[in-house]
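Subject: Handing over the structure, with notes on what was found

Dear colleague,

I am passing on the structure we spoke about, and my notes follow directly beneath it. Please keep the model open while you read, so that you can find each residue as it is named.

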Amino acid sequence: MKFYIKRDKSNVDAILEYDKEKKLFIVLKGSRVSDSIAHSEKFRGAKSIERARGNGVVVECVVTKNVQFKSASTAANFVTGASTNGLIVWKSKDGRTMKAVLEGGQKDE
């Protein structure tokens, strides 16, 4: 199943492949991520985003290889650079939230 985050303001345009059997959330190579990472006391994930984006994984805001995550939110944080509810921000091609697609038990492209 594929899901998308597109945010014109922050130039984010990312594609996620959800592997239902393995329960993996994979941000696909070529996805564009936010150029900034939110740093605050409330958001403790900034350092993990920096680590995940390091070692050439993200170059000039573009993901250079597929990156696996164990949750939709961690994948969304990686893409947006901020604390994000992945089940709500990742959307199907027709605009349904990941949560709605998964709860509906429907297959998506």
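Which helix is largely enclosed by the rest of the structure? Before the answer, please bear in mind that this is a predicted model, and that the values below were computed from it.

The helix in question is α2, which spans residues 72–80, and it is largely enclosed because 7 of its 9 residues are buried. The buried residues of α2 are A72, A75, A76, N77, F78, V79 and T80, where a residue is called buried if its relative accessible area is under 20%. Just after the helix comes G81, whose phi is positive, near 80 degrees.

The nonpolar core

In soluble globular proteins, nonpolar side chains tend to be buried together. In this model the largest nonpolar core has 23 residues, and those with the most contacts inside it are F3, L16, F25, V27, F78, V79 and W90. Two or more residues of this core are given by each of β1, β2, β3, β6 (67–69), α2 and α4 (98–104), and the largest share, 5 residues, comes from α2. F25 is a good residue to look up here: leaving out residues up to four places away in sequence, F25 touches L16, E17 and Y18, then the run V67, Q68, F69, K70, S71 and A72, and also A75 and M98.

The strands β1, β2 and β3

Strand β1, residues 2–7, pairs with β2 in the antiparallel sense over 6 bridges, and within this pairing I5 of β1 stands opposite A14 in β2. The two strands form a hairpin with 4 residues between them, and in the turn N11 has a positive phi of about 60 degrees.

Strand β2, residues 12–19, shows an alternation that you can follow along the chain: V12, A14, L16 and Y18 point to one face and are buried, whereas D13, I15, E17 and D19 point to the other face and are not buried. On its other pairing, β2 runs antiparallel to strand β3 (residues 24–27), to which it is joined by 4 bridges, and here E17 stands opposite I26 in β3. This second hairpin also has 4 residues between its strands. K23, which lies in the loop between β2 and β3, has a positive phi of about 55 degrees although it is not a glycine, and with a relative accessible area of 57% it is exposed. C61, in the loop between β4 (58–59) and β5 (62–63), likewise is not a glycine and has a positive phi, of about 70 degrees.

Charged side chains

Side chains of opposite charge can pair when their charged atoms come close. A search of the whole structure finds 3 salt bridges. In one of them the side chains of D8 and K6 meet at 3.8 Å, N to O, and in another the side chains of K6 and D13 meet at 3.7 Å, N to O. K6 counts as exposed, at 57% relative accessibility, and D8 is exposed as well, while D13, with a relative accessible area of 37%, is partly exposed. R96 and D94 also meet in a salt bridge, at 3.0 Å, N to O; of these two, R96 is partly exposed, at 22% relative accessible area, and D94 counts as exposed, at 51%. Salt bridges that share partners join K6, D8 and D13 into one network.

A buried arginine

What is the nearest side chain of opposite charge to R53, and how far away is it? R53, which lies in helix α1 (residues 46–53), is buried yet has no salt bridge, and the nearest side chain of opposite charge is D35, 7.1 Å away. A salt bridge needs a nitrogen and a carboxyl oxygen within 4 Å, so the 7.1 Å between R53 and D35 does not qualify. The side chain of R53 does, however, reach the backbone oxygen of S34 at 2.8 Å. Apart from its neighbours within four places in sequence, R53 is in contact with V33, S34, S36, I37, V58, F78, V79, T80 and G81, and among these F78, V79 and T80 are buried residues of α2, the helix from which these notes set out.

With best wishes

Conventions
Residues numbered from 1 in each chain as written. Heavy atoms only, no water. Buried < 20%, exposed > 50% of the residue type's maximum accessible area, 1.4 Å probe, protein only. Pairing = 2+ DSSP bridges. Lys, Arg positive; Asp, Glu negative; His and termini not counted. Polar contact = N/O pair within 3.5 Å; in protein donor to acceptor, adjacent residues only side chain to side chain. Contact = heavy atoms within 4.5 Å. Core = buried A, V, L, I, M, F, W, Y, C linked by side-chain atoms within 4.5 Å.
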